[in-house]
Amino acid sequence: MPPLHAMKHLLPLLLPLAAALPSGSRIPDILERAKRQREQQLGAEVYVTEDGSSNDAPLTDVEATTLQQRLDHFSAEEEGKIATFEQRYFYSGRYVAAGASSSDGEAKKTLSFLCVGGEGPSLDASVLVDSVHCTGDMIGLAEKLHEDHHYDVHLFALEHRYYGESFPPKESGHLRGDQDDASDADEFQVDYVHLSSRQAVKDVAAFVQSPEALGHLNLSTDAAKQVRWITFGASYPGMLSAWSHLLHPEAIYAAVSSSAPIQATLDFGQYYEHVGRDLGDEDVGGSKACQTIVKEGHAQAVALLEGKDVEGESKGSEDGGAAEDGVERVAALFNVCGGAESLKERKNQEVLVGDGLIGIPAQSNDPSCTSNLCNIRGLCNAIVNKHNANPNQSSVEILAGVRQMQTKGSCEDINWTSYIEWYHTPTKQNANDRSWLYQTCSEFGFYQTCNSDSSCPYGRGYHEVSRDLEVCQAVFGIDPDTVKSSVDSTLTYYGGWKLTPNTGDQTGPQSSMAEEGEDTLDGQKRIIFVTGDVDPWTELALTDGNDDHPSISVQGASHHFWTHKVLESDGDAIVAARQTIYDTVSNWLEISEQSVSSVLEEGAVARL
């Protein structure tokens, strides 16, 4: 294996997905990135982080290796006949005292922290150095425990099956495309039968008890088995972090779960409704004027597509070309690839207006960013400034001007057929994205809709859940009824917000179940849920915690911003959120004498 610093890394297709669930991804943005990905050529052998920047941080203390993971944890295969695959993981002993070994005695002051992998771009060595995954919470806490309390903290990161380099083998052909553009779809078909969060949770439990993981602890076998493991994760990995402890508290001592939408939902219309509220949130730079212009602009675009004027009034039946004129005007305003001819198709209209005529950085809102339109404040300032400069300009014209600033002159690709084709054929470029799409179809839903009866700020009625169900059918052959029942099954299996799992006989030893007379499952204890009030995914996260599994809300924060690299520009709420995580976990480890409730009450982070 070449040195980690010399490995080649391609920029991911969906860059904003690093350790994050899709941010209401606009299909035109996906198609544009897909185009760039196909055109991109490998350059010099340099290390590139997940955010696309070069990273000079030393990676020499991070080891990338694999273990043989069981392919199906729920099968009854006989010993010796168990199918396995190579699952990649990363390890660092950065916060382990030099010379520490089993001769030092017991494992009381030894801990293992595991950063749980998930969807999005593949993990690399930066996950245990500086990345969006687990830096601000896990690595920050490890450093504090090591320096302030002399703990040895072993750092691990486990890649999710069917992502990155952890794809199981296939008897014929390849699980991922081994060429940029697969010419024969049948040759590159993927068998996703063993891809699920249930298998991933079992992967975590098996990993922390594996000889490979325990071997890094440099302790005797008995001492290594006594070491407490704490999982960390954000977004989907945050779900897995919580669920791994919930179902396997005998293996996972505690869990930190950030921005984790544990309430699986098919039709997630609340996502865009939350985005609409963010536009009016003055604390993050929004305003009523900005919110109104965005809503009005989309209503005007819909009116034009339907043959009305920008005020929504019908132009009359005598004007048979009204709808065609409206389509032409919208196509021209937003520089649609293929022009009005492309926009005449209903599906393409839905692509344009159903998920937003402009990109709105609600999930990714960064108050400290400096580039134009990079956060809600910058976007709303641009929108309101355009209105003030020309009050006679319609709202849809204002949005068109903003979109031109975002696209820098590129045409808007709204081709629904191209979108389906991109996902239908497995290639290197879309391997991770297809895996996540499959999980939405087979487990979670999470489809961000804009229904007619909603308060969605976009084209209402132009993104109904039937569109997403059509994708599942077209790409994977999963019919709508199966998608719906699978989401219901996931909710039952893990228990949603109630954290009351109903796993039947699939979990093995039921050590997570409460003893008779107990009110709380053992697995419900020692999980902290952290959410950002700007983040639309908070709608499905646990926000009603208690002393057993506390929850905190980070004011003004977007999707797990506190897990990102620690910066001097981080706001007070982000700093306080990290400190609350540190103090809560320290309390569970009996390092702090404070109770969990007092930690939350004294912190600058609001408890929900």
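What follows is a dialogue on how terms are applied to a predicted model.

Reader: What does the numbering follow, and which atoms and residues are used?

Author: Residues are numbered from 1 along each chain as its sequence is written, and side-chain values use heavy atoms, with hydrogens and water left out. The model is predicted: local features need pLDDT of at least 70, side-chain atom pairs count only at pLDDT 80 or more, and totals for chains, interfaces and linings use all residues.

Reader: How many helices and strands does the protein have, and what makes a run count as one?

Author: There are 19 helices and 11 strands. Both are DSSP runs, numbered from the N terminus: a helix is H or I with at least four residues, a strand is E with at least two.

Reader: Why is alanine 205 called buried?

Author: Buried means under 20% relative accessible area, exposed over 50%, and partly exposed in between (1.4 Å probe, protein chains only). Alanine 205 has 5%, so alanine 205 is buried. This residue lies in helix α3, residues 197–208. Across the protein, buried residues make up 58% of the 608 residues.

Reader: Which residues are in contact with alanine 205, leaving aside neighbours within four places in sequence?

Author: They are His248 and Ala251; contact means heavy atoms within 4.5 Å. Proline 249 is 44 residues from alanine 205 in sequence, with a C-alpha to C-alpha distance of 9.2 Å.

Reader: How do you know that cysteine 115 and cysteine 134 form a disulfide?

Author: A disulfide is a pair of cysteine sulfur atoms within 2.5 Å. The S to S distance of cysteine 115 and cysteine 134 is 2.1 Å, and a disulfide joins them. The link is right-handed, with 75° about the S-S bond. It connects distant parts of the chain, 19 residues apart: cysteine 115 is in strand β3 (residues 110–116), cysteine 134 in the loop between β3 and α2 (135–149). Both cysteines, 115 and 134, are buried.

Reader: Why is the disulfide of cysteine 290 and cysteine 380 left-handed or right-handed?

Author: The torsion about the S-S bond is about -70°, so this disulfide is left-handed. It links cysteine 290 in helix α8 (residues 288–305) with cysteine 380 in helix α12 (residues 376–389), 90 residues apart. The sulfur atoms of cysteine 290 and cysteine 380 are 2.2 Å apart. Cysteine 290 has 0% relative accessibility and therefore counts as buried; cysteine 380, with 2%, is buried too.

Reader: What makes the pair of cysteine 337 and cysteine 411 a disulfide, and why is cysteine 411 called partly exposed?

Author: The S to S distance is 1.9 Å, and a disulfide joins cysteine 337 to cysteine 411. Its torsion about the S-S bond is about 90°, so the disulfide is right-handed. Cysteine 337 lies in the loop between α9 (322–333) and α10 (339–343) and cysteine 411 in the loop between α13 (395–407) and α14 (416–424), so parts 74 residues apart in sequence are tied together. Cysteine 411 is partly exposed because its relative accessible area is 37%.

Reader: How many disulfides does the structure hold, and what pattern do they follow?

Author: The structure holds 6 disulfides. With bonded cysteines counted along the chain, the pattern is 1-2, 3-7, 4-8, 5-6, 9-12, 10-11.

Reader: Why is asparagine 365 called buried, and where does it lie?

Author: Asparagine 365 has a relative accessible area of 2%, so asparagine 365 is buried. It lies in the loop between α11 (346–353) and α12. Leaving aside neighbours within four places in sequence, asparagine 365 is in contact with residues including Val284, Val534 and Phe561.
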